[in-house]
Amino acid sequence: MAAITTAPGTYDEVDPNTSYLENNKGLMGWLFTLDHKRIGVMYLISVLMAFALGGIFALLLRAELFTKGQTLIDAETYNRAFSLHGVVMIFLFLIPAIPAALGNIILPIQLGAKDVAFPKLNLLSLYIYVFGACFAVYSMIHGGVDTGWTFYTPYSSSDPAHGGVGTSSSVIPMTLSVLIMGFSSVLTGVNFIATIHKMRAPGLTWRRLSLFAWSLYATAIIQILATPVLAITFLLLTMERFLGLGIFDPRLGGDPVLYQHFFWFYSHPAVYIMIVPGMGIVSDLIATFSRREPFGYMAIAMSSIALALLGFLVWGHHLFVAGMSEYATMVFSALTFLVAIPSGVKVFNWIATLYKGSISLQSPMLWALSFIFLFTIGGLTGLFLGMLAVDVHLHDTYFVVAHFHYVMVGGTVMGFLGGLHYWWPKFTGKLYNESWAIAGWLFVFLGFNVTFLVQFVLGSRGMPRRSYDYLPQYEFLHQISTVGSWILGFGFLLLGAMFVRSLLNGRPAPRNPWGSAALEWMTPTPPPPYNFVSDPVITRGQYDYHLATDDELYEGFDDPLLSHKSRKGGVDEGKEDA
Amino acid sequence: MMQSEPSSWQLPPAMADTATRVDDAYNFIFWFSVVFAAAVIAITLLFVLKYRRRSGVKSESTARHTKLETKLEILWIVVPTLFIVVLFHKGFSSYIHNATAAEGATEIRVHAKKWSWDFEYPGGARSNELHLEVNKPYKLILSSDDVIHSFYIPEFRLKRDAVPGQYSFVAFTPTVPGEAHVLCAEYCGTNHSAMIADVKIETPEQHQEFLASSGKKPKVCGTPPVECTDEKWGESLFQKNACFTCHGNAGDGMTGGAKSLGPKLAGIFGKPQSLADGTSANADENYIRESILKPSAKIVAGYTNVQMPPFASLTDDQLEAIIAYIKSLK
Amino acid sequence: MSTATATEHASGDGRARPKWLLHHFDTPAQQFGTARLGMWLFLAQEVLFFGALFVIYSVFRASYPEMFKAASQQLDKIMGTTNTVVLIFSSLTAALAVNAAQKGKRHATSLYLLVTIACACVFLAIKFFEYQHKFDAGLLPGPAFKPIDEHLVKGLDLKSNSGSFFALYFMMTGLHALHVVVGIVVFIWILIRNLRGNFSKEYFTAVDITALYWHFVDLVWIFLFPLFYLI
């Protein structure tokens with residue numbers, strides 16, 4: 001182990017032997033903190049609240065669809081509920097969930113950095129997110145929106161109050177909310193790229209970067225390049241509704257399909273903002289719980305970048321039936337298939353990593369394996385939708401609903417929960433009850449498949465999405481799906497209870513409960529304010545299990561490995577320097 | 001109204017030439033996916049079982065930067081690439097085939113509006129049902145009066161957006177006599193899910209009869225068919241134009257137990273109606289006629305102007321029949 | 001990887017940390033490089049932000065070339081040209097401010113910053129008069145477009161759908177003007193910090209990246225000007 005430090009003196013302000021949770025206690029210590037871990041934790045609380053809210057909307061929708069005709073709520077309420085489910089889940093939960101919450105907590109530690117590149121910007125991004133969310137809440141208090149999360153024009157932009165043909169619901173505060181939260185997403189992206197470029201510890205070369213960090217790098221590229229387009233689109237939409245600009249409304253000389261191009265130019269890459277970090281987490285989880293360096297490390301890392309870049313070229317596949325030229329549909333269909341290649345590369349490499357590993361089925365690994373299964377199904381059904389002729393039949397049916405839930409829930413949420421289970425002991429300092437965790441996983445996994453597998457069949461049989469009512473032949477499958485949603489909801493409740501129990505009376509977590517070789521597990525649990533007791537110097541890769549010492553992997557259940565090397569204590573200095 | 005049960009467990013019955021081409025592509029990708037997903041899941045489970053953690057057994061270090069790694073990476077880039085070329089070709093060739101209208105196809109204009117479909121046949125006949133002759137090529141020209149709708153017939157595997165300010169088209173040849181539905185696949189507001197029209201694929205004789213009688217009072221109407229009076233004809237027009245979506249069944253002003261979007265029609269005839277602007281109007285023939293043709297002219301108190309589309313395509317005879325029907329509602 | 005031990009405390013080796021070096025950076029070079037990279041990344045998103053508007057502009061120009069030609073004659077070329085010159089000049093003074101800061105010339109830096117701020121204000125003032133004229137002449141976005149003949153510049157006949165031209169005009173120049181306002185605020189803050197003596201030869205990061213931002217704002221105008229006023 002090499003031993004150098006750089007820039008001595010930086011630890012003066014904090015005591016490296018306290019944890020970030022104990023340092024600077026009190027409400028103000030949290031609200032004005034510049035510590036990425038605390039900001040990440042506050043993000044985590046926010047996105048979990050959004051997830052619960054979105055989940056309530058989802059349960060309401062499924063309950064309404066239990067029988068044909070009116071079951072619980074009227075059509076107007078139903079339309080608002082599905083729109084709010086989409087808006088809340090996508091903009092308030094999925095997009096910030098992994099990068100802004102888990103990424104914020106873990107990325108700088110994985111880089112051996114004291115913080116992100118711009119801590120103030122990081123805090124600002126949190127407050128912009130909260131400010132934007134307030135607009136969403138304002139809109140909901142005023143009845144919410146009934147446009148779907150896609151806000152297609154002219155339905156969203158043409159206000160009946162000005163003689164228009166569209167919705168009279170509360171669109172402007174909602175689009176402003178998304179616009180504002182977009183800035184928060186951009187700032188996170190800027191911060192992460194700068195952090196990964198400039199803040200890595202000595203010895204942490206690009207080839208030693210964790211795959212989670214690579215995935216956040218790819219995600220940040222999308223956040224920076226795609227989000228401004230959504231911002232401008234929603235700004236124009238807001239102005240159109242407010243002043244009647246005539247950009248998207250055909251009655252004012254605008255073009256509604258132009259809106260769809262702009263919307264999907266952001267929103268397709270946004271799918272990769274959601275899924276790529278999930279893939280990063282899964283790569284880390286599989287390495288840790290197989291005790292093996294990821295097979296094809298560079299291929300996995302580069303496939304994240306490839307997905308980020310390809311994501312910008314395929315937006316047109318959302319418009320196959322909207323009226324594009326045959327030539328454009330052909331090009332977009334071909335480009336869409338290309339996405340399958342980096343996705344496939346990831347799945348194959350994950351499986352190859354399992355080969356001859358030492359696989360432990362602890363709770364985070366269960367989520368990672370679920371990700372592989374569900375994402376494979378989500379990805380393959382994406383091929384159906386890439387095939388032009390088949391897409392014409394399946395477009396805007398429940399098949400699409402099932403497909404993107406397999407990607408977003410089967411992918412992103414599985415990855416998010418895997419990461420949450422995995423890093424929970426590190427940032428809370430508490431262990432959770434493994435049996436509860438496994439039970440929760442079982443319910444979520446089963447419930448999810450019961451809910452959404454039948455929706456593929458509903459869709460291929462022709463059931464359109466966003467429909468309050470349906471023809472009688474679809475009723476039975478809808479009932480199965482609704483029952484599934486109850487199992488799924490129960491699973492999430494169980495997990496919520498488990499985490500709350502862990503916070504209240506969980507056993508203190510050891511430094512490295514999973515026996516991982518990755519950098520974040522080499523620092524005390526919970527980490528000190530500047531992440532490490534002293535500046536780390538990296539001498540092996542994140543996944544080099546064959547180079548990691550037994551001390552690093554297995555020891556440390558009571559004796560944080562680093563404490564005896566702390567600068568203040570300094571007992572081992574002579575030996576280390578020798 | 002009942003649709004026949006799906007012929008396969010995944011797809012509705014194929015009732016047009018377009019459907020057959022889509023089904024070929026669908027079945028191909030379906031079996032491809034089943035095999036692929038099963039393989040991925042099986043191999044993963046196999047590895048998880050075979051290499052589960054045992055005391056004393058360490059993981060084998062990954063072969064990094066070896067020729068094997070490079071070979072495998074190339075393998076699983078090249079093989080999927082070949083697969084997707086096949087998939088792309090299958091999808092695209094069927095699509096192009098389906099997107100081309102046959103020579104001499106009969107053109108039908110389709111007007112989409114919130115929340116009904118209106119079909120205009122050559123020669124001027126109009127209907128809210130899509131009547132087609134079996135084995136005859138058609139080209140439907142779609143347009144929308146308000147927001148974006150999407151014309152979708154699952155049995156034909158056809159879908160195309162009707163975009164305001166633009167024309168789009170679908171082309172097909174129905175191959176099986178029977179019934180199907182036009183659904184709206186693009187969310188378009190409160191009653192989006194009720195924007196359904198019947199498709200009737202008829203023999204040439206039946207179709208001729210339809211064209212001849214369209215807009216004229218049919219001999220029999222209603223279910224079960226009875227001799228057509230103005231009232232009965234009005235009732236069937238009320239159904240076909242989907243007036244019940246917003247005014248409730250038999251104009252009772254209720255949708256699924258709640259107040260419907262449009263005002264109650266039953267029992268209003270001849271009575272004064274208080275209007276949203278504070279005035280009132282007597283619900284006579286002119287009032288009803290105006291409300292059908294210019295819906296925004298008089299708004300009943302307690303209801304908002306939800307932009308009911310003007311039903312300008314109704315003939316005078318049809319309007320009279322509907323008025324007779326509303327008169328009869330108690 | 002592993003963590004390392006520490007050496008003696010800073011005071012021991014005499015390398016005191018400068019006050020402006022933030023806690024999470026190791027070296028001044030790292031801090032400077034990070035700030036610059038951050039600004040470049042921010043500008044990348046700005047490029048896409050304005051880029052989207054330029055795409056919409058192209059789509060509409062391609063759809064309604066005659067309308068655009070006629071409507072663009074209503075814009076004041078003299079005011080537009082003046083503004084272009086003013087903004088390019090302010091970019092020069094911003095660059096000179098960085099140069100002065102780099103050499104540690106505090107007074108020169110303040111002077112250049114002041115000139116930059118003044119130019120930006122002149123730009124906004126001229127923009128204000130242009131907007132005022134458009135309002136008087138009824139050259140407004142969308143349905144508000146109701147031209148009043150006596151205020152119009154003589155030229156091609158305005159098409160009735162020119163509302164979309166003015167929608168884009170106000171949208172794009174308005175967002176640009178907003179960027180100018182942000183620039184002014186940040187420059188004033190930089191000026192105050194400079195007067196307080198916060199910058200030195202070793203530390204002038206804030207001046208540098210603000211100037212970078214300012215050059216970008218200038219660049220956007222260099223695209224806006226010909227697109228709206230000239231062609």
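**Chains A and B: contact, helix packing and sheets**

The contact between chains A and B draws 79 residues from chain A and 84 residues from chain B. The model is a predicted one. On the chain A side, the elements giving two or more residues are all helices of chain A: H3 (75-110), H7 (256-290), H8 (297-310), H9 (326-338), H10 (340-354), H11 (363-386), H12 (388-394) and H14 (434-460). H10(A) supplies the largest share, with 9 residues. By residue class, the side of chain A that touches chain B holds 45 nonpolar, 23 polar and 11 charged residues.

How does this pair rank? Two pairs of chains touch, and the one between A and B has the most contacts. Chains B and C are not joined by any contact. Their closest C-alpha atoms are 14 Å apart.

Now look inside chain A. Helix H3(A), one of the helices on the side facing chain B, also packs against helix H6 (residues 211-243) of chain A. The two axes come within 10 Å and cross at roughly 125 degrees. That angle falls outside 65 to 115 degrees and is not over 145, so H3(A) and H6(A) are oblique to each other. The crossing is left-handed. From H3(A) come A:Pro99, A:Gly103, A:Ile106, A:Leu107 and A:Gln110. They meet A:Phe212, A:Ala213, A:Leu216 and A:Thr219 of H6(A). This contact comprises 6 nonpolar residues, 3 polar ones and no charged ones.

Chain B offers strands to follow. Five of them form an open sheet, in the order E3-E2-E1-E5-E8, with mixed pairing. Strand E3 (126-127) and strand E8 (168-172) of chain B are at the edges. Each has a single partner strand, so one side of each is left without a neighbour in the sheet.

Within that order, take E1 and E2. Strand E1 (residues 106-113) of chain B pairs with strand E2 (residues 116-120) of chain B in the antiparallel sense, over 5 bridges. One position to find on screen is B:Arg109, which stands opposite B:Glu120 in E2(B).

Further strand pairs of chain B involve E9. Strand E6 (residues 149-153) of chain B runs antiparallel to strand E9 (residues 178-184) of chain B, and 2 bridges join them. Here B:Phe151 has B:Cys184 in E9(B) as its bridge partner. E9(B) is also joined to strand E10 (residues 197-202) of chain B, by 5 bridges and again antiparallel. In that pairing, B:Ala180 stands opposite B:Val199 in E10(B).

Key
Residues numbered from 1 in each chain as written. Chains lettered and ligands numbered in written order. Predicted model: local features only at pLDDT ≥ 70, side-chain atom pairs only at ≥ 80, totals over all residues. Contact = placed C-beta atoms within 7 Å. Helix = DSSP H or I, 4+ residues; strand = E, 2+ residues; numbered from the N terminus. Nonpolar A, V, L, I, M, F, W, Y, C, P; charged D, E, K, R; others polar. Pairing = 2+ DSSP bridges. Axes fitted to C-alpha atoms, helices over the stretch in contact; angles between N-to-C directions. Parallel < 35°, antiparallel > 145°, perpendicular 65-115°, else oblique. Left-handed = near helix turned anticlockwise from the far one by under 90°.
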